[in-house]
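Trainee: I should like to learn how to read a structural model with care. Could you guide me through the features one at a time?

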Amino acid sequence: MNKTLLLLLFFLGSFAAKENQFIARQGQISFFSYTSVENIEAKNNQVLSFLDIDKKEIAISMLMRAFVFKKDLMYEHFNESYIESDIFPKASFLGKIIDFNPLEEEQTKMVFGKLTIHGISKEVEIKSTIKNTNGNYSISGDFEVMVKDFDIKIPPVLASNIAKSISIKFNFKYQPYED
Amino acid sequence: MKTKIYKKLMIGLCFLSTSLNAQDLLDKLNAEFPDKAVYEIATFKTTRIALGQSVETRKKGALEITLYNRYWDTPNPESQRFLADKVSTRFGLDYAITNNFTFGAGYTTFDKITDGYVKYRLLKQLKNSKKPSFSITLFQGISHRKLNDIPNSIYDPTTSSDKYSFTSQVLIAHKFNTNLSLQIAPTFIHRSSNVVNEDPNNHFAIGFGGRHKIGGHTSIVSEYYYVANPLKSIETYNVFMVGINWEVSDLMLQFHITNARNYAEDTFITQTVDNFNFKNPNLHFGVNATFILHTNKNKLK
């Protein structure tokens, strides 16, 4: 009987581990391309993200079609001609937060992981600010990616319209995750 | 005995829960995406395939400034210029009032036809839908011609009010994959005046169009119009076009060869007197330039 109790505890323990998972359903990611010819800006307000504070893992996934552009034509070009969202509908990130202390109120940590855009994965490190306000986590930061790293083809006539390096900003607010 | 089964069940549950935890975090996250209907975009790149209309309409507030040119040579032997003896130009403006409703107007220099249209996007093709899904757009066009002195005109030269023609089309398109889109367009054309009684006032035609993407910014397009009851007083041919669409940021360029000389839908569908071949003056080389201006910009909240 004692053994059964132990197993029950173990089972409950593994079940409780789920309470260390947090989800963000309306995460925000925006990107900017600044050139002397034209500025391109887009925002996605429907980014999904998991934060596992036990394993110190973070997962992010988003639909490319959910980006909103200032000009509607840019939306079409982005999806049709550059990011090819028919073939690669999602971009994702899976990484680990280094030296993450779940109890600290505010901390700036490095996140190492794999960023996948346009079907191409790259190892990246991103400096992120992680906040804990009464058990509610939020993560924000910004970083740069090179367009050529992700095999996104830009025709020579448009080379001056699109920056070689795109700056990306993110902001996630997490809630406890329940299955 | 009972406790043994209980134990086994417990162990089984433990394994199940731990294996769930070990599941790739990303796969689990991807399962969390809400099940929302997604529509196909860019069945065609432009609101015209080249000659006729496509199912596409622009998004709210988009103003299209268009300049269409078509060049051809005269058949006389003194013709010196390569495809540039004659030119016909259409100046046009198109404005999208809503995402689904567009109107536009244009004027053509060569045949002096003023044309206008309204276009309403009725249905959008669903992406990843199990049932067959199509894009359907309704088109209504009107055209008026100014010339009184065209030889062999099929319009009554004595009145001015009867020089109108009306074109109604149901544009039905399907995007088969990223690269291939096809369109079929049942067309009804009404012409108010007739000089020759044997000519029908109402024409039925059907348009076929398609595009195949050959790169991120370029696609091959083609169009053909079949007229069920053509004019009887003059010999007319069905219209054919093949060309290339090229988009450069806000500018769309369409290069094509065709036997159509006119731009107004009713005129080129029913009154094309040249057959499609490479003899002068049958071969027409066309360049459509469309510049898109966004008068309404989305706010990024």
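Mentor: Let us begin with an idea required for the main sheet: two strands are said to pair if DSSP finds at least two bridges between them. Please also keep in mind that this is a predicted model.

Trainee: With that rule, how many strands make up the closed barrel in chain B, and in which sense do they pair?

Mentor: The barrel of chain B has 12 strands, running in order from E1 to E12, and the pairing is antiparallel. Ignoring direction, neighbouring strands of this sheet are turned by 20° against each other on average. Chain B as a whole has 12 strands and 3 helices.

Trainee: Which residue is the bridge partner of B:Ser181 in E8(B)?

Mentor: The partner is B:Arg211. The two strands concerned are E7 (residues 180–191) and E8 (residues 202–213) of chain B, which pair in the antiparallel sense over 11 bridges.

Trainee: What does the pattern of contacts say about chain B?

Mentor: One looks at how far apart in sequence the partners are. Among contacts in chain B with a separation of 6 or more, 57% are between residues 24 or more positions apart. As for burial, 33% of the 301 residues of chain B count as buried.

Trainee: Why is B:Arg261 counted as buried?

Mentor: The test is a count of neighbours, and the cut-off is 20 or more other C-beta atoms within 10 Å. B:Arg261 is buried because 23 other C-beta atoms lie within 10 Å. Its place is in the loop between strand E11 (251–258) and helix H3 (265–270) of chain B. Not counting residues up to four places away in sequence, B:Arg261 touches B:Arg70, B:Ser88, B:Thr272, B:Asp274 and B:His284. The C-alpha atoms of B:Arg261 and B:Gly286 are separated by 9.2 Å, although these residues are 25 apart along the chain.

Trainee: Turning to chain A, is strand E3(A) mostly covered or mostly uncovered?

Mentor: Strand E3 (residues 57–63) of chain A is mostly covered, with 5 of its 7 residues buried. E3(A) pairs antiparallel with E2 (residues 39–52) over 5 bridges, and A:Leu51 has A:Ile58 as its bridge partner. Between E2(A) and E3(A) the hairpin has 4 residues, and A:Lys56 takes a positive phi near 60° there. E3(A) is also joined by 7 bridges to E5 (residues 90–97) of chain A, again antiparallel. In that pairing, A:Ser61 stands opposite A:Ser92.

Trainee: Which residues of the largest nonpolar core touch the most other members?

Mentor: A general point helps first. In a regular strand, side chains alternate between the two faces of the sheet. The largest nonpolar core has 39 residues, and those touching the most other members are A:Leu51, A:Ile58, A:Ala59, A:Ile60, A:Met62 and A:Phe78. E2(A) gives the most to this core, with 5 residues. Another core lies apart from it and has 24 residues, including B:Ala50 and B:Phe268. Leaving aside neighbours within four places in sequence, A:Ile60 is in contact with A:Val47, A:Ser49, A:Ser92 and A:Phe93.

Trainee: Where in chain B does pLDDT stay under 50?

Mentor: It stays under 50 over residues 16–23 of chain B, for which the model has 7 contacts beyond four places in sequence. The mean pLDDT is 87 for chain B and 89 for chain A. Among the elements of chain A, helix H1 (residues 2–16) has the lowest mean, 55, and strand E9 (residues 165–173) the highest, 96. The model scores ipTM 0.81 and pTM 0.84.

Conventions: Residues numbered from 1 in each chain as written. Chains lettered and ligands numbered in written order. Predicted model: local features only at pLDDT ≥ 70, side-chain atom pairs only at ≥ 80, totals over all residues. Buried ≥ 20, exposed ≤ 12 C-beta atoms within 10 Å, placed from the backbone. Contact = placed C-beta atoms within 7 Å. Axes fitted to C-alpha atoms, helices over the stretch in contact; angles between N-to-C directions. pLDDT = per-residue confidence, 0-100. Core = buried A, V, L, I, M, F, W, Y, C linked by C-beta atoms within 7 Å.
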